[in-house]
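Colleague: Before I plan anything around this model, could you take me through its pockets and one helix pair, and tell me the reasoning behind the terms you use?

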Amino acid sequence: MTSVAVKDVSLSFGTVEVLKSLDLEIPEGEFLVLLGPSGCGKSTLLNCIAGLLDVSKGQIFIKGRNVTWEEPKDRGIGMVFQSYALYPQMTVEGNLSFGLKNAGLARDEIARRVAKASEILQIEQLLQRKPSALSGGQRQRVAIGRALVRDVDVFLFDEPLSNLDAKLRSELRVEIKRLHQRLGNTMIYVTHDQIEALTLADRIAVMKGGAIQQLDTPHAIYNNPVNRYVAGFIGSPGMNFIEGKVEPGTVPAFRVGDVSVPLDRYRFGKDAVRGGGVTLGVRPEHIGFGDNGKAYPFTGEVEVEIVEPMGSDTLVWTKLGGQPLSFRVDAERHLHVGDKVRIGFDPARASLFDADMGDRL
């Protein structure tokens, strides 16, 4: 069953088109992440679903009901914002119960919901504290709890972890994922952080310029990006991009300088043009090194230019066909600038993009 449906939705501010004829269907219980850089329209889309912004065109459905022109309070959603927006003069318990009191719920029902939310979020011991006595992570838990007590079917998160430090973000990511697994509610989560997207999502919608570039599982987006934009946005460290051309033949090959990469294992799309200028994309972790590199369909010798220790592994920079290339090695392998090493990769795990349009071939 579809939980949230966005049908042909557009939004403009004057002459500026922020959302462009978006269509999106979110099944019941899915965790969908809207991912993209600042200004791509992800928070705007979330605010349209919440009813905080009126769409210029199109319709929005929640649980099969057209809510396009309904007030936010009537849409059956709970929303968590980037800022905690807690009432400083109230205790945690007061913040959690305030909306329920305004809605006229019975005292026993309010107490039950507050107790349940506090148990789920492990903030029972904080109920009598005020926000000024809480850490950033605790405040964000309270903000999530305020949405949780509403007992709704759809939760909306607008970059809820962006104000926290790296350690707290990592901890709360786990808490949010555990929360989704426990509740099974539909969740729509906005972020510019690809790690949050990859770790939390059932599906990711990668956005750019008010349009969805790709909507798929984290695994599919990571391994089969539909264009160079998506490929470059996902992955840390980023994908290597090497400009060259495809030489057609019985076995087509990618050529850059004096380097030729056989493409017999690459899965071209049905309508792909196999000749002309292209960009080869290969992720650093898909490049083998040393004895491992020799086992791949393509191998070549390169010279180490920069070594970046990263703790669990090391990022090594070199050049392939005169263009920058990085690959990852185990932290126990000690390489030095000037070393000559053999690397290799399987073209089946690489991506080819049209040099002009950026689409995957």
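Modeller: This is a predicted model, and the largest share of the lining of its largest pocket, 6 residues, comes from H2. That pocket has a volume of about 610 Å³, and of the 28 residues that line it, Ile77, Met79, Gly99, Arg146 and Arg150 are the closest to its centre.

Colleague: What makes Ile77 or Gly99 a lining residue?

Modeller: A lining residue has an atom within 4 Å of a point of the pocket, and Ile77 and Gly99 are among the 28 residues that line the largest pocket. By class, that lining has 19 nonpolar, 5 polar and 4 charged residues.

Colleague: Which helix gives the largest share of the lining of the second largest pocket?

Modeller: Helix H3, residues 107–121, supplies 5 residues there, and the second largest pocket holds about 210 Å³ of space. Its lining divides into 7 nonpolar, 1 polar and 4 charged residues.

Colleague: Why is H3 called oblique to H4?

Modeller: The two helices pack at an angle of about 140°, with their axes 9 Å apart. Angles over 145 degrees count as roughly antiparallel and 65 to 115 as roughly perpendicular, and the angle of about 140° falls in neither range, so H3 is oblique to H4.

Colleague: Which residues make the contact between H3 and H4?

Modeller: Ala117, Ile120 and Leu121 of H3 meet Arg141, Ile144, Gly145 and Leu148 of H4. By class, this contact has 5 nonpolar, 1 polar and 1 charged residues.

Conventions. Residues are numbered from 1 along each chain as its sequence is written. This is a predicted model: local features need pLDDT of at least 70, side-chain atom pairs count only at pLDDT 80 or more; totals for chains, interfaces and linings use all residues. Side-chain values use heavy atoms; hydrogens and water are left out. On a 1 Å grid over the protein atoms alone, a cavity is a set of points where a 1.4 Å probe fits but cannot get out, and a pocket is an open set with protein on both sides within 12 Å along at least five of seven lines; lining residues have an atom within 4 Å of a point. Grid points are joined across faces, edges and corners, and a volume is the space filled by probe spheres set on the points. Helices (H or I, at least four residues) and strands (E, at least two) are DSSP runs, numbered from the N terminus. Ala, Val, Leu, Ile, Met, Phe, Trp, Tyr, Cys and Pro count as nonpolar, Asp, Glu, Lys and Arg as charged, and the others, Gly among them, as polar. Axes are lines fitted to C-alpha atoms, for helices over the stretch in contact, and angles run from 0 to 180 degrees between N-to-C directions. Angles under 35 degrees count as roughly parallel, over 145 as roughly antiparallel, 65 to 115 as roughly perpendicular and the rest as oblique. Contact means heavy atoms within 4.5 Å.
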